[in-house]
Amino acid sequence: MAKAKAAAPTSSSGGKGAKKKKWSKGKVKDKANHMVILDKPTYDKIMKEVPTYKMISQAVLIDRMKVNGSVARQAIRHLEEQGLISRIIHHHGQLVYTRSTAGGE
C-alpha cells in the first residue's frame with residue numbers, strides 16, 4: 001500500500017518535472033485588399049447582380065464584391081435611390097435591404 005501511494009505523485013503531470021505550457025502566437029488574419037474606388041466593371045456588376053440578392057447589407061457587398069465599407073454604403077444608397085432595392089431595417093449600425101418586388105411592399 002505504501003508503494004502505491006509513493007508512485008502516484010511521480011506519474012502525474014504536475015510538479016517539478018512538468019514542462020511549462022507554450023502559448024501560441026495566435027492566428028494572423030490576412031489583410032483584405034478591397035477596392036476603395038469603383039471602376040466601371042464593378043459598378044456594372046453591382047447594378048446588375050445586387051438587386052437580385054435576397055438580403056443586401058454592407059457586409060454582403062464587402063464580401064461578394066470586394067469593395068471597401070464606405071463604397072458599399074454609397075452603392076446601397078445609390079441602389080435605394082434608383083428604387084432597385086427596398087429597406088427592411090434601418091439601424092445606425094446596420095442597414096438591411098432586400099430586392100424590390102414588382103407589386104411593392
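Angles of 65 to 115 degrees between axes count as roughly perpendicular. The legends below apply this term to a predicted model.

**Figure 1. Overview of the elements in the predicted model.** The protein holds four helices and three strands. Read from the N terminus, these elements follow the order α-α-β-α-α-β-β. The protein has 105 residues, of which 20% are buried. Contacts between residues at least 6 apart in sequence were also examined, and 48% of them join residues at least 24 apart.

**Figure 2. The packing of helix α3 against helix α4.** The axes of the two helices are 9 Å apart, and the angle between α3 and α4 is about 115°. The pair α3 and α4 is therefore described as roughly perpendicular. The crossing in which α3 passes α4 is right-handed. On the side of α3, the contact is formed by Gln-58, Leu-61 and Ile-62, and on the side of α4 by Gly-69, Ala-72, Arg-73, Ala-75 and Ile-76. By class, the residues of this contact of α3 with α4 comprise five nonpolar, two polar and one charged.

**Figure 3. The buried residues of helix α3.** Helix α3 spans residues 58–65, and Val-60, Leu-61 and Met-65 in this helix are buried. These residues lie on the same side of α3, because the arc that they cover around the axis is only 95°. Among the elements that cover the buried residues of α3 are helix α2 (40–49), strand β1 (56–57) and helix α4 (69–82).

**Figure 4. Lys-66 at the end of helix α3.** Lys-66 follows α3 and is placed in the loop between α3 and α4. Most residues other than glycine have a negative phi. Lys-66 is a residue other than glycine, yet its phi is positive, with a value near 55°. The relative accessibility of Lys-66 is 43%, so this residue counts as partly exposed.

**Figure 5. The crossing of helices α2 and α4.** The axes of α2 and α4 come within 11 Å of each other, and the crossing angle is roughly 50°. With this angle, α2 is therefore oblique to α4. As in the view of α3 with α4, the handedness can be stated: α2 passes α4 in a right-handed crossing. Tyr-43, Ile-46 and Met-47 are the residues of α2 that meet α4, where their partners are Ala-75, His-78, Leu-79 and Gln-82. The contact of α2 with α4 consists of five nonpolar and two polar residues, with no charged residue.

**Figure 6. Tyr-43 and its surroundings in helix α2.** Tyr-43 belongs to helix α2. The relative accessibility of Tyr-43 is 30%, so this residue counts as partly exposed. When residues up to four places away in sequence are not counted, Tyr-43 touches Leu-38 and His-78. The residue His-78 also appears among the α4 residues that take part in the contact of α2 with α4. Tyr-43 and Met-65 are 22 residues apart along the chain, and their C-alpha atoms are separated by 9.7 Å. Met-65 is one of the buried residues of α3.

**Figure 7. Ser-57 in strand β1.** The strand β1 contains Ser-57. Buried means under 20% relative accessible area. Ser-57 counts as buried because its relative accessibility is 2%. With neighbours within four places in sequence left aside, the residues in contact with Ser-57 are Ile-76, Gln-94 and Leu-95. Of these, Ile-76 belongs to α4 and is also part of the contact between α3 and α4. Strand β1 itself is one of the elements that cover the buried residues of α3.

**Figure 8. Asn-33 in the loop between helices α1 and α2.** Helix α1 spans residues 2–11, and Asn-33 lies in the loop between α1 and α2. Exposed means over 50% relative accessible area. Asn-33 is classed as exposed because its relative accessible area is 76%. Along the chain, Asn-33 and Asn-68 are 35 residues apart, and the separation of their C-alpha atoms is 8.7 Å.

Conventions: Residues are numbered from 1 along each chain as its sequence is written. This is a predicted model: local features need pLDDT of at least 70, side-chain atom pairs count only at pLDDT 80 or more; totals for chains, interfaces and linings use all residues. Side-chain values use heavy atoms; hydrogens and water are left out. Buried means under 20% relative accessible area, exposed over 50%, partly exposed in between (1.4 Å probe, protein chains only). The arc is that of the directions from the helix axis to the C-beta atoms. Contact means heavy atoms within 4.5 Å. Axes are lines fitted to C-alpha atoms, for helices over the stretch in contact, and angles run from 0 to 180 degrees between N-to-C directions. Angles under 35 degrees count as roughly parallel, over 145 as roughly antiparallel, 65 to 115 as roughly perpendicular and the rest as oblique. A crossing is left-handed if the near helix is turned anticlockwise from the far one by less than a right angle, and right-handed if clockwise. Ala, Val, Leu, Ile, Met, Phe, Trp, Tyr, Cys and Pro count as nonpolar, Asp, Glu, Lys and Arg as charged, and the others, Gly among them, as polar.
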